[in-house]
Amino acid sequence: MIFILAVTDWLKSQSLLEISGVISGILCVYLAARNNIWNWPLAIISVLIYTFIFFEEKLYADAGLQIYFLFTNIYGWYFWTKKSTEYNKTPVSFASKKLIFLSILSIFLFTFLLGTFLFKSTDAAFPYIDSFCTACSLVAQLCLARKIIENWLIWIFVDIIYIGVYMIKELHLTAGMYAIYVLIAIMGYINWKKEYKQSKLALTIKA
């Protein structure tokens, strides 16, 4: 009983805006892992909420990242719809070696440039860590929109870092959400890899 009351009091102390962001965020990532196109409208709601939250917490790179997410969510919704048919979903694929190289290069370059800018020009809480996570998220989100399987591996890595950042900033619900994200990302990677193998098998049988 005491535990339940403690949890209830803790929930009451949490921001309604953050609670809404957590719920919509978890649902959209879960649906994405299940290869469900309805993840995109929920993702749009979530990023709009977190734009305000991160700006208030002086996580400026993360706040700017939400704007990027907004556009990639719209693009992802369009891409998944365009490539789908009544009977077939947009096929998943693995990243090419060229894409992997360009992604790694872009992440380190973006981290250095944005991190240096935030460090020198703003009161950002964690300029380089924030910038690195932002850079990884930029790549992961684009890969998610294009249905590239490795997006889940990037999300697992960056979400673990985010858990620590948000715990330090006392965004406990958001940190918990990212812990759930890690588990969903693992599920997403397994599901998408299984679907890839099934699609390849289907093409082999047809041939």
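This report describes the enclosed space and the nonpolar core of one predicted model.

Residues are numbered from 1 along each chain as its sequence is written, and side-chain values use heavy atoms, with hydrogens and water left out. Because the model is predicted, local features need pLDDT of at least 70 and side-chain atom pairs count only at pLDDT 80 or more, whereas totals for chains, interfaces and linings use all residues.

**The cavity**

The structure holds one cavity of 30 Å³ or more, where a cavity is a set of points on a 1 Å grid over the protein atoms alone at which a 1.4 Å probe fits but cannot get out. The largest cavity contains about 370 Å³ of space, a volume being the space filled by probe spheres set on the points. Its lining, meaning residues with an atom within 4 Å of a point, has 27 residues, and V29, F69, Q141, W155 and Y181 are the closest to the centre.

| Class in the lining of the largest cavity | Residues |
|---|---|
| nonpolar | 19 residues |
| polar | six residues |
| charged | two residues |

Here Asp, Glu, Lys and Arg count as charged, Ala, Val, Leu, Ile, Met, Phe, Trp, Tyr, Cys and Pro as nonpolar, and the others as polar. The helix α3, a DSSP run of H or I with at least four residues, gives the largest share of this lining, seven residues.

**The core**

The largest nonpolar core, a set of buried (under 20% relative accessible area, 1.4 Å probe) nonpolar residues joined through side-chain atoms within 4.5 Å, has 53 residues, and W155 and W192 are among those that touch the most other members. To this core α6 gives the most, ten residues.

Technical notes
On a 1 Å grid over the protein atoms alone, a cavity is a set of points where a 1.4 Å probe fits but cannot get out, and a pocket is an open set with protein on both sides within 12 Å along at least five of seven lines; lining residues have an atom within 4 Å of a point. Helices (H or I, at least four residues) and strands (E, at least two) are DSSP runs, numbered from the N terminus. Buried means under 20% relative accessible area, exposed over 50%, partly exposed in between (1.4 Å probe, protein chains only).
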